[in-house]
Each structure stands twice: as structure tokens, then as C-alpha cells.
Amino acid sequence: MQITGMLYGSKLLEHVGFPAAEVLGPDASESQIRELIRRHGTIFVKPLFKGGVGKKGKAGLIGKATDLKTALAEKERLYFVEHRHGNVVAKAFGVTFEGGVPAEHEVYFSITDATEFRAPTMTLTHKGGVAIEELDRGSVARVPFEALTGLKAFVVANALTEIGAPREIISPLVQHLPKLWELVHHYGFTTLEINPIRMRREADGRLMPIACDFKCGFDRDDPRWQRLGLPRDLFAVDTSGFEQEVNELRTHQGQSDVFVINEKGTILAPTFGGGANALVTEVLGDRAVISSDFGGNPPYEKMRQVASICYRYWLRQANVLFVIGGKSNNTDIYETFRAMADALRAHFSEHGPTPLYVVVGRGGPNLVRGLGTLAEVCDALGIPYRMFGFDSALSDVVGYAKKIDDWMKAGGRDEIAAGMGIRPAATGTHN
């Protein structure tokens with residue numbers, strides 16, 4: 001879950017008293033926009049996206065206006081604009097109007113968990129406003145700090161001194177930047193980035209850090225973010241109906257992480273465990289319909305619901321139902337397999353049979369009982385299957401699933417359909 005931009009970023013920064021640029025949302029009236037221009041002279045019009053979307057400036061998606069006519073023209077241009085960043089395409093659902101902040105200095109600041117240091121790490125430079133990777137290393141400070149004691153003022157002061165930051169910006173940054181650790185720590189952030197922080201000169205001549213862009217990420221399994229009172233649909237990015245249905249089950253025990261890889265894939269692979277998911281996703285490639293992790297010892301009812309959703313959306317087009325995971329320590333294989341088997345029986349009863357081959361690779365508590373339950377249902381439904389236990393290499397099982405997929409495409413699907421007494425059906429979308 002990610003948030004970008006100042007519409008919600010400014011509200012989050014209010015929790016710790018960090019100064020931010022004045023911002024109006026997409027519902028701002030013409031009189032409000034006119035007053036914003038009057039107060040600041042220049043405003044910036046930015047498209048509003050759900051989730052994390054970067055590189056908007058380089059894509060020409062930031063408008064600048066010094067009068068109402070220009071501001072409204074930029075609003076029209078950007079309100080529903082589409083933005084491609086890497087392989088992600090996002091569509092805006094409005095714009096924000098942000099007051100310009102005149103400044104001589106721009107600062108980049110972020111806090112994230114660094115695997116390198118195994119600790120929260122501050123990244124800081126007095127040459128902000130650009131992509132951090134474009135700067136030479138001597139201008140960027142990366143400093144791990146102790147999570148128990150937090151980000152102390154002396155850590156910020158030492159980092160700025162070491163990279164040669166102008167003396168006049170050090171004191172105001174030392175006063176305000178430690179506040180941002182409070183935001184990260186108390187509300188379940190996984191990362192926070194402000195770029196730029198513009199150092200605005202106040203009437204008394206002192207510099208004041210003003211956040212002018214904002215990005216953060218949350219761990220959605222950490223309940224602390226719910227203290228912020230953010231609207232839940234803020235995180236409903238352009239996910240499919242399938243992903244949204246599965247994600248609604250996250251409140252129950254067990255994991256339900258899922259992502260659609262290829263809507264025309266031919267291997268439906270409910271996967272258990274992050275390591276298995278990484279291997280399966282990489283090896284199957286475009287054959288895989290989804291990338292998933294349904295581990296964490298899900299109870300019967302949740303696993304049956306998850307399986308039912310997967311079958312309803314993707315089973316008709318799948319050649320292979322590939323149930324795969326490593327050797328579990330705590331997941332009850334019997335409960336999960338019983339739930340998947342019952343969901344499969346119910347799906348065939350409601351939607352009719354479909355040509356299918358089941359491949360299973362798993363280890364863990366109650367494995368034999370779980371495999372037996374799934375095998376009984378497959379036998380009753382006329383579905384061929386092959387099952388592997390904990391003594392089989394995961395990579396070999398994935399390779400076997402690919403071979404079965406090839407066989408199904410080469411005539412096996414029609415052969416199974418004939419055995420089931422149904423017409424061979426072309427692969428397609430869900431019922």
C-alpha cells in the first residue's frame with residue numbers, strides 16, 4: 001500500500017507538525033484556486049493517482065500556473081491523464097493544486113528499512129529535487145540508526161556536516177527531520193520519502209523546511225496505519241475484480257497475497273510460501289495466471305473461499321491446477337487441501353466440469369491425509385492428477401507442471417474432455 005503526493009501527504013505530516021506546502025484537492029472551486037494563486041504567486045497542478053506512481057515530472061505531467069485560466073487549462077489536461085512508469089500504467093482520478101514555495105535550497109530525505117544494515121536507514125542530501133541515483137555518492141548520506149532510540153538530532157547534524165551541506169540549512173533540518181521518524185514508527189510505515197523539502201526563508205530571515213512532495217508505503221498487515229483515518233478506497237489501485245475479492249479476505253488468519261500475471265495464462269497455481277512463490281512465478285513465466293502466497297495456516301473456511309474465487313475466475317481457461325508449496329512448519333495440509341477439494345467439487349456442481357489436470361507438490365503436517373482427500377475428489381470428478389511429497393525437489397515439480405501444460409495444449413485437454421463426457425472447450429475467461 002502506497003501513497004504519493006501532497007493531498008494526503010500534507011495531512012499525514014500534520015500528525016507530527018512537519019511543515020508542508022498548501023494544497024487543494026480536485027474539488028477546489030475557482031475562487032479557492034484564485035486565492036491560492038494570490039497567496040503564492042505560482043501554483044503547481046499535479047495529477048492524482050492511487051498507489052505509488054513516480055517520474056511524473058519527467059513525463060511532463062506537472063502543470064504550472066500564475067493565473068486562473070492557465071490553472072483550469074492544466075486541470076483539464078491532467079485530470080484523467082494516463083501515466084506509464086516501467087510496466088505500470090496508471091490513470092489519474094483528479095488533480096491537486098499546490099502553492100509554490102520559493103527557496104534557495106532543496107533537500108532529499110527518506111527513511112526505509114535497509115537489508116544492508118538490517119536497521120532503519122536515513123538517506124539525506126542537500127541536493128534534492130532530482131532522482132537520488134543521479135547524484136554522486138559524496139553528496140548523499142546513508143545512515144542506519146537504532147529503532148529503539150529513533151532518529152536523533154545529532155545523527156541528522158553529523159550527516160549534513162559530512163556531506164558538506166550549507167551551514168544555514170543544518171539547524172532547521174536538525175529541528176524538524178527527527179519528527180518524521182515518529183510518523184514512520186507510530187503508524188506502521190515501511191518507507192517514507194520527501195523530495196523535495198524546500199528551504200523557504202521566513203520573515204525573520206530563518207529557513208523553514210517545507211515538504212513539497214511526499215511518498216510513503218505501509219505494511220497492510222500492521223494495524224497501526226489504521227490510526228491515520230485514511231479512506232480505505234485510497235489503496236484500491238487498478239486491481240482486478242479477482243484481486244479485490246481475494247484481498248477482502250485479508251482480515252482472516254493466513255495470507256492472501258495475490259497478483260494477476262497473465263489473464264490468458266494456462267496454469268492456475270495457488271502457491272503456499274514466499275520462497276515457493278518466487279520460484280514458481282519465475283519458472284512458469286507467462287504460463288502462470290496468478291502469483292500468490294496463501295500460506296500462514298489459513299483456516300478451512302478462508303481457504304475454501306479463496307479457492308472458490310480462484311476457480312470461478314480462472315479454472316475454465318486453465319490446463320493445470322498446480323497446488324504447490326514448500327515443506328510447511330505450521331500450515332495444516334489436510335485443512336487446506338480439504339478446503340480446496342470441497343471448493344473444486346462445488347465449482348463443478350455449480351458451473352459444470354472443465355478439462356483439467358491437477359499437479360500437487362507439498363510437505364507438512366497431515367500431508368498424507370490431505371493428499372488422500374484431494375485425490376478422492378479428483379477421482380470422483382474424473383480429473384487426472386499427479387502428487388509429489390516433501391522429498392521431491394520443488395524445481396522438478398514445477399518442471400513437471402510445465403510438461404503437463406504442453407501435453408494439454410497438444411491434445412491432452414481434448415482427451416480429458418472426452419473422458420469426462422463433455423465437449424472440448426476452448427480456453428477463455430471466467431464464468
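Two exercises on helix packing and one on cysteines follow, each with a worked solution.

The model is predicted, so that local features need pLDDT of at least 70 and side-chain atom pairs count only at pLDDT 80 or more, while totals for chains, interfaces and linings use all residues. Residues are numbered from 1 along each chain as its sequence is written, and side-chain values use heavy atoms, leaving out hydrogens and water.

**Exercise 1.** Determine how helix 5 is oriented to helix 6.

Solution. The axes of helix 5 (residues 167-176) and helix 6 (residues 178-186) come within 4 Å and cross at roughly 25 degrees. Helix 5 is therefore roughly parallel to helix 6, a term for angles under 35 degrees. In the contact (heavy atoms within 4.5 Å), Leu 173, Val 174, Gln 175 and His 176 of helix 5 meet Pro 178, Lys 179 and Leu 180 of helix 6.

**Exercise 2.** Describe how helix 2 and helix 3 are oriented to each other, and name the residues that meet.

Solution. The axes of helix 2 (residues 30-40) and helix 3 (residues 68-78) come within 10 Å and cross at roughly 120 degrees. The two helices are therefore oblique to each other, the class left once angles under 35, over 145 and from 65 to 115 degrees are set aside. From helix 2, Glu 30, Ile 33, Arg 34 and Ile 37 meet Leu 68, Ala 71 and Leu 72 of helix 3.

**Exercise 3.** State how many disulfides the whole structure has, and classify Cys 212 and Cys 378 as buried or exposed.

Solution. A search for disulfides (cysteine sulfur atoms within 2.5 Å) finds zero in the whole structure. Cys 212 has 10% relative accessibility and counts as buried, meaning under 20% relative accessible area with a 1.4 Å probe and protein chains only. Cys 378, at 0%, also counts as buried.

Terms used:
Axes fitted to C-alpha atoms, helices over the stretch in contact; angles between N-to-C directions. Buried < 20%, exposed > 50% of the residue type's maximum accessible area, 1.4 Å probe, protein only.
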